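Welcome, and please have your viewer open and ready for some selecting. We will go from stop to stop, and at each one you will hear what to pick and what is there.

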Amino acid sequence: MSLDSHIESVLWTPDQIAARVSELAAQISADHSPLSEPLVLVGVATGAFLFLADLARSLRLPVTVDFIRAESYGSGTVSNGSPRISFDLKLDVSGRHVVLVEDIVDSGSTIACLIAHLEAKGASSVSVCAFLDKPSRRKVHFQLLGKGKFYRGFEAYYFVVGYGMDFAELYRNLPYVGVLKPEHYK
């Protein structure tokens with residue numbers, strides 16, 4: 001089975017992704033270079049794992065890395081609006097500057113839940129670095145913590161897969177981001 005044949009169109013190629021990740025890393029490095037402690041990157045599992053790896057390798061400052069899992073999609077194509085944390089951090093983020101690394105910010109529910117969770121754990125600031133942003137679908141307008149910033153890779157309007165993002169746990173390994181043909185998710 002060729003996963004490529006399930007893709008209606010490619011939105012971003014591996015080269016376009018790599019260029020944008022480098023730009024985001026440069027922005028984050030510039031914004032956080034005067035920190036005395038390493039920046040904490042928190043990848044939102046599982047969709048952000050490739051983006052997090054590429055971003056971490058491109059940053060030019062000390063970082064620590066951890067993962068958190070928040071589930072709101074199940075096996076569907078639309079967030080259910082009720083995220084829950086199913087796997088928590090092992091690192092202590094108290095007093096630390098955190099960048100949440102997310103594959104997609106859609107309704108805003110999950111990211112708002114995660115920011116509140118990190119605030120409760122004592123993070124001094126929380127930024128969000130989203131590979132894809134879907135502002136037209138925003139239902140919850142989240143507030144960043146402290147001097148946190150919002151970093152956006154690309155703006156998306158479709159249900160997409162690839163580069164870590166899935167439908168029913170498939171397509172994460174595609175090296176590009178593409179629109180899945182409707183017959184494969186309906």
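Start by selecting Arg96 and Glu37 and showing their side chains: they meet in a salt bridge, with 3.2 Å from N to O. Keep in mind as you look that this is a predicted model. The pair links distant parts of the chain, 59 residues apart. Arg96 sits in the loop between strand 4 (84-87) and strand 5 (97-105), while Glu37 sits in the loop between helix 1 and strand 2 (39-45).

Now turn on a surface for these two partners. Arg96 is buried, with a relative accessible area of 13%, because buried means under 20%. Glu37, by contrast, is partly exposed, at 45%.

Next, select helix 1 (residues 14-32) together with helix 2 (residues 49-58). How do their axes cross? They come within 9 Å and cross at roughly 55 degrees, which means that helix 1 is oblique to helix 2. The crossing of the two helices is right-handed.

To see what makes the contact, pick Val21, Ser22, Leu24, Ala25 and Ile28 on helix 1, then Phe51, Asp54, Leu55 and Ser58 on helix 2. Color these contact residues by type and you should find 6 nonpolar, 2 polar and 1 charged.

Stay on helix 2 for the next stop and add Arg57 to your selection, along with Asp54. The two residues are 3 apart in helix 2, about one turn of the helix. Their side chains form a salt bridge, 2.4 Å from N to O. Is each partner buried or exposed? Asp54, which also takes part in the contact with helix 1, is partly exposed with a relative accessible area of 24%. Arg57 is exposed, at 57%.

For the last stop, move along the chain to Arg152 and Glu155. These residues form a salt bridge too, and their closest N and O atoms are 2.7 Å apart. Both partners are partly exposed: Arg152 has a relative accessible area of 33%, and Glu155 has 30%. Now add Asp133 and Arg138 to the view, and you have one network, in which salt bridges that share partners join Asp133, Arg138, Arg152 and Glu155.

If you would like to keep exploring, the structure holds 11 salt bridges, including the Arg96 and Glu37 pair where the tour began.

Key. Residues are numbered from 1 along each chain as its sequence is written. This is a predicted model: local features need pLDDT of at least 70, side-chain atom pairs count only at pLDDT 80 or more; totals for chains, interfaces and linings use all residues. Side-chain values use heavy atoms; hydrogens and water are left out. Axes are lines fitted to C-alpha atoms, for helices over the stretch in contact, and angles run from 0 to 180 degrees between N-to-C directions. Helices (H or I, at least four residues) and strands (E, at least two) are DSSP runs, numbered from the N terminus. Angles under 35 degrees count as roughly parallel, over 145 as roughly antiparallel, 65 to 115 as roughly perpendicular and the rest as oblique. A crossing is left-handed if the near helix is turned anticlockwise from the far one by less than a right angle, and right-handed if clockwise. Contact means heavy atoms within 4.5 Å. Ala, Val, Leu, Ile, Met, Phe, Trp, Tyr, Cys and Pro count as nonpolar, Asp, Glu, Lys and Arg as charged, and the others, Gly among them, as polar. A salt bridge is a side-chain nitrogen of Lys or Arg within 4 Å of a carboxyl oxygen of Asp or Glu. Buried means under 20% relative accessible area, exposed over 50%, partly exposed in between (1.4 Å probe, protein chains only).
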